[in-house]
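Good morning, everyone, and thank you for making time for this. Please have the structure open in front of you while I talk.

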Amino acid sequence: MTFISPRRARSRVAATIGAFAVAALALSGCASGDTPEASTSGDAEAGFGDLTVQLSWIKNEEFAGEFFADSKGYYTDAGFDSVTLVPGPSTGAAELISGSADIALSDAVSIGSVVASEGAPLKIIGTTYQKNPFTVLSLKNGGNITTADDLIGKKIGVQDSNTALFKALLAANNIDESELTIVPVQYDPAPLTNGEVDGFIAYLTNEAITVAADGYDTVNLPFADNGLPFVAETITTTDDMIANDREKLKAFLVAEIKGWTDAVNDPEAGAMLAVDDYGKDLDLNPENSIAGAIEQAEALVVSDETAENGLFTISDALQAATIKSLAGAGITLAASDLFDLSLLAEVYDENPDLVAYAG
């Protein structure tokens, strides 16, 4: 099996992103133009031109919806001449602020950190993942961490970029850092499988799958189910784009909803788009990619909220939960500072058929 080492540069907090944000804010003019006078119903004559999307990670199954939208012509149908998907890893904040990207797929922690610390003019306008995929991964015959209290007395492998997030998990569960040992690690889960640590910060759609595929009996403690239910793979853009390219953003959302409708209904096909086409040069493991695509489609992308109101929607309760999660990481914001769901609401008002994504 070829192991594609995970990130997780995407979850860096203000101290990491701040330097990029300060430099980028000086450039502040994000790419935008006059608002096209066109419907977001999918009219190819809309003439929205080109769009650049900064992905948070490599071109694997995580972006199956984008691959469907591109390969099946949904972007073209929505009026775009081209949509360029730029691989990460990246939080997308610096690219958005400098104008080298129009959209970024990021997460609430990364975006919230630069909004709070630098006043970055960014907003989340929707989210692919209703639940973030962070987890404390352990082995059943090792750490066997099934509850937050099981963290006490354990050695937990934590990447530098995820340290603040892990400390927020501890705070959310009233656990003091002195009650366990944080072991600095990189992104290869070898320290877990060779017994150096009892738990390892991982992704449910990545390391949790690859370690299990190697024959280990694994246990997960998802952050989202243990006090940190913040949104991830957020569709993020600039205040300038929202003000001046509103119809262009709505057209993009229409194409994205169509793409992710396909990804939810046929995750295996989405995974194979990554394996055989968009991520072909990465030598992705087909079985692991399919497992990751199924996991995200069934456990992360859909929820009771999306079933009722459509993909990418973020309920008031989930916005509040995200804001509370960020506060645990030392990021203080109001929901209105971070979210603008008005464009998505307009998309569904204008295209009510898109709400029913279930096949």
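Where is the place of D283? D283 sits in the loop between α11 and α12, where helices (H or I, at least four residues) and strands (E, at least two) are DSSP runs, numbered from the N terminus. Before going further, I should say that this is a predicted model, in which local features need pLDDT of at least 70 and side-chain atom pairs count only at pLDDT 80 or more, while totals for chains, interfaces and linings use all residues. Residues are numbered from 1 along each chain as its sequence is written, and side-chain values use heavy atoms, with hydrogens and water left out.

Let me stay with the backbone for a moment. Most residues other than glycine have a negative phi, and most peptide bonds are trans. D283, although not a glycine, has a positive phi of about 55 degrees, and D283 is partly exposed with a relative accessible area of 49%; here buried means under 20% relative accessible area, exposed over 50%, and partly exposed in between, with a 1.4 Å probe and protein chains only. N144, in the loop between β5 (134–139) and β6 (155–158), also has a positive phi, near 45 degrees, and is a residue other than glycine. N144 is partly exposed, at a relative accessible area of 31%. As for the peptide bonds, a cis bond with omega of about 15 degrees joins G88 and P89, and P89 lies in the loop between β2 (80–86) and α4 (93–98).

Now to the sheets, for which two strands pair if DSSP finds at least two bridges between them. One open sheet is formed by 5 strands in the order β2-β1-β3-β10-β4, with mixed pairing, and its edge strands, each pairing on one side only, are β2 and β4 (122–129). Within this sheet, β3 (residues 103–107) and β10 (residues 232–238) pair in the antiparallel sense over 4 bridges, and S106 stands opposite T234 in β10.

Another open sheet of 5 strands runs in the order β7-β6-β8-β5-β9, again with mixed pairing, and here the edge strands are β7 (181–184) and β9 (218–222). The strands β5 and β9 run antiparallel and are joined by 5 bridges, and the bridge partner of L137 in β9 is N220.

Which strands hold the rings of F134 and Y203? F134 is in strand β5 and Y203 in strand β8 (residues 199–203), 69 residues apart, and the pair links distant parts of the chain. F134 counts as buried at 1% relative accessibility, and Y203 likewise counts as buried at 1%. Their ring centres are 5.0 Å apart and their planes are at 80 degrees, so the pair is edge-to-face; the rule is that rings of Phe, Tyr and Trp (its six-membered ring) pair if their centres lie within 6.5 Å, with planes under 30 degrees apart counted as stacked, over 60 as edge-to-face and the rest as tilted. F134 and Y203 also belong to one aromatic cluster with F223 and F230.

By this rule the count comes to 6 aromatic pairs. One of them is the tilted pair of F48 and F80, at 5.6 Å centre to centre and 40 degrees between the planes, which links F48 in the loop between α1 (14–27) and β1 (49–54) to F80 in strand β2, 32 residues along the chain. F48 is buried at a relative accessible area of 5%, and F80 is buried at 3%.

Finally, the helices. In helix α11 (residues 267–278), the buried residues are P267, G270, A271, L273, A274, V275 and Y278. An α-helix has 3.6 residues a turn, so residues three or four places apart point the same way. The buried residues of α11 pack against α2 (64–71), α10 (246–265) and α12 (286–300), where contact means heavy atoms within 4.5 Å.

What do R246, L249, K250, L253, V254 and I257 in α10 meet in α16? They meet S342, L343, L344, E346, V347, Y348 and E350. The residues of this contact of α10 with α16 divide into 8 nonpolar, 1 polar and 4 charged, where Ala, Val, Leu, Ile, Met, Phe, Trp, Tyr, Cys and Pro count as nonpolar, Asp, Glu, Lys and Arg as charged, and the others, Gly among them, as polar.
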